[in-house]
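Okay, can everyone see the screen? Let me bring the structure up and we'll walk through it together.

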2 protein chains.
Amino acid sequence: MLDVAKRAKVSLSTVSYALNGTRPISEETRRRISKAMEELDYRPHPLARGLASKHSRILAILFPVIERGIGITEFEFINSAAHTASQNGYHLVVWSAETNEPDELRQLTQQGLVDGVILMEVHINDPRVNLLRKLEFPFTMIGRCDDDQDGYVDIDFDGTMEHAIRHLSGLGHTRIAFVNQSQATYDAGYGPVVRTKKAFEDQTAASGLNGVMRFCRPSPQAGFEACKELLSEHPKLTAIMVMNDRALPGILQAIADHNLKIPQDLSVVALVSSVRMAEMMIPKLTTMEPPGVELGKLATELLINNLEGKSDGSPRIVIPCHLVMGESSGPCNSNTGYQNQQGGKLP
Amino acid sequence: MLDVAKRAKVSLSTVSYALNGTRPISEETRRRISKAMEELDYRPHPLARGLASKHSRILAILFPVIERGIGITEFEFINSAAHTASQNGYHLVVWSAETNEPDELRQLTQQGLVDGVILMEVHINDPRVNLLRKLEFPFTMIGRCDDDQDGYVDIDFDGTMEHAIRHLSGLGHTRIAFVNQSQATYDAGYGPVVRTKKAFEDQTAASGLNGVMRFCRPSPQAGFEACKELLSEHPKLTAIMVMNDRALPGILQAIADHNLKIPQDLSVVALVSSVRMAEMMIPKLTTMEPPGVELGKLATELLINNLEGKSDGSPRIVIPCHLVMGESSGPCNSNTGYQNQQGGKLP
DNA sequence: CTGAAAGCGCTTACAG
DNA sequence: CTGAAAGCGCTTACAG
């Protein structure tokens, strides 16, 4: 940097100011400086800048360590966050701290490497959020707690559920099951599980639909069992919604075992599943696809705005999933429902 | 740090030496210092340390931007690398630079934020590798080029193929197809595609087996078409190996359309697919599971050793995938092969 | 619109 | 085994 200053015949500080535009520089000077930087192939040193300015321009995202494992959507969050950070001159580091072990997180934040953190897999009452609030450490969430403090972006679960139900009831379905994630995640207050449960119950009741929900662990086996149970206990079901990717193959298997055809006898709609996941199933599933890229981007921008004082007052943003048609949902034909399975079917 | 020094009644530099053990400190002094650090809740500042020492203790991993999209295994690399880095006192940042756009990568490395980088999705002749070599910038690869320079860790594709073929030929299969990834990735010299192709051809020839390979784009539709073609052109096939996750549902669909049952009529083995992916299929696939976590860990350790001068001479490590049985592979029963499909089958 | 100088919080020769 | 001091490459009041 000193070399640049010399070559441009200005002082060191002028180069610095030119670099980050914190005070007016004459056109002429600026030109000489950029020319000198060009010629010397100069690049500012991020560590030095960080040390002097107290801002590292490094963000962290917390890698969730979760029972169901990381999926495509979580991956999109991270990738999109990295990309957005980079576009804004930031770097993104990944940290994997246990959700319920805020001590690790405390260590990491207090190190001072990072300006702010992005949380995902947020719980209704999240120890990490409580910690960051207490430390007054800048953060945003993909997801949200119950209290509406701090900025967040999240999926609009009400809207998503409404759209999915509207899709099915528009096809004539009135008896709809919902296979949620596990009881354990519900008990732990994991946002999506809690919110979809409530939305499903409220909305089916309000629309006079017959709704039944099941928790289900994230495995094909658990999906198989849950679905078998559902089909025996509720033989008149004509549609199943599933927010549990890993249970899906078991669910489809159970449906086939009951000699039901999708979508003729039973419609299946995936909730908050990426299209890529929906395409892995036979038949390709109709899904409510989550806006993974958008959420990652918005969360990152929100955090950066916050850090740079351009905060629009910690916005709360929710975005619904959008319906992507597959081949697993179709008109309800109550004549060919489960109750008639023994009658066989013509082509 | 000065506060710590004062409280421990030693000089600033002694605290520093105690911290990173670069010179002997008496037991007594060390105790006073750690006590003082404890009491003041002192944490060393990584940026300052980095600036002074010329080592940021930050690593980068290049996010692949690829046609087939990121999968579970790639995710394991990243997660495992982050974890290993953290265990060794490093941080991991994610960068997404285009594979064939080394300019971005040059920018990023020359910034000086990062001590070394981990490459994945390495091609036989990889512009990123050439760049990093030219810049003499420390790096390791998950994957490898054709020349055996620099340290790497990679899947042992020969061994993996051998194991898969042994599994199938042990079950009596002699006519085996291999659905690889796309022609485009082969032409681009993407390591896994090139190496499995060669291994498959060499080994089937050497064992006197009937082998046929197909390239296939990463989509169910492409898988469907490729498999249909295979089954019509090679009606005596009894086994198919697939290294193409996204094509899998189409392949299974095509098999079902030909009225073939898995595994009675046709065995299917996934190659380099995670068990989690194999479980998404019906029936659950037999797969050669890649050692994702291990590769991520080893690559990171290799890089760190390299940076810290503990290099064991840039080791070249390959690890085979290991067989995880599913329900998609079984004994070859040539009486019930495709050629007999019209004869029907007893339960 | 521009300069001279202190300081960010460490590491590491240099000296004893 | 321990200290005093220079320096890493920037930012940012302070002054003009």
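I'll go from the domains to the two-chain arrangement, then a sheet, then a couple of residues.

One thing up front: this is a predicted model. So, domains. Chain A splits into three of them, and domain 1 is the simple one, running 2-44. Domain 2 takes 58-155 plus 292-320, and domain 3 takes 157-290 plus 325-343. If you go from the C-alpha centre of domain 1 of chain A to that of domain 2 of chain A, you cover 36 Å.

Now the two chains. What turn lays chain A on chain B? It's 180°, with a shift of 0.0 Å along the axis, and the RMSD comes out at 0.1 Å. So what we have here is the relation of a two-fold axis. If you want to find that axis on screen, go to A:Val93: in chain A, its C-alpha is the nearest one, 2.0 Å away from the axis. And the copies meet through the same surface, because 100% of the interface residues of chain A are interface residues in chain B as well.

Over to chain B for the sheet. It's an open one with six strands, ordered 7-6-8-9-10-12, and the pairing is mixed. Strand 7 (210-214) and strand 12 (322-324) of chain B sit at the edges, each pairing on one side only. On average, neighbouring strands here are turned by 20° against each other, direction ignored. Zoom in on strand 8 (239-242) and strand 9 (267-271) of chain B: they pair in the parallel sense, over four bridges. One residue pair to look at there is B:Ile240, whose bridge partner in strand 9 of chain B is B:Val268. Then there's helix 8 (157-170) of chain B, which lies across strands 6, 8, 9, 10 and 12 of chain B and runs at about 165° to strand 9 of chain B.

Last stop, two residues in chain A. Is A:Leu248 buried or exposed? It has 25 C-beta neighbours inside 10 Å, so it counts as buried. A:Leu248 lies in helix 12 (248-257) of chain A, and, leaving aside neighbours within four places in sequence, it contacts A:Gly223, A:Val242, A:Ala270 and A:Met281.

A:Pro44, on the other hand, is in the loop between helix 3 (27-40) and helix 4 (46-53) of chain A. With 15 other C-beta atoms within 10 Å, A:Pro44 is partly exposed. Not counting residues up to four places away in sequence, A:Pro44 touches A:Leu19 and A:Arg49.

That's my tour, thanks.

Notes
Residues are numbered from 1 along each chain as its sequence is written. Chains are lettered from A and ligands numbered from 1 in the order in which they are written. This is a predicted model: local features need pLDDT of at least 70, side-chain atom pairs count only at pLDDT 80 or more; totals for chains, interfaces and linings use all residues. Domain bounds come from an automatic or database domain assignment. Helices (H or I, at least four residues) and strands (E, at least two) are DSSP runs, numbered from the N terminus. A residue is buried if 20 or more other C-beta atoms lie within 10 Å of its own, exposed if 12 or fewer, and partly exposed in between; C-beta atoms are placed from the backbone. Two residues are in contact if their C-beta atoms, placed from the backbone, lie within 7 Å. Copies are superposed by least squares on the C-alpha atoms of residues with pLDDT of at least 70 in both. Two strands pair if DSSP finds at least two bridges between them. Axes are lines fitted to C-alpha atoms, for helices over the stretch in contact, and angles run from 0 to 180 degrees between N-to-C directions.
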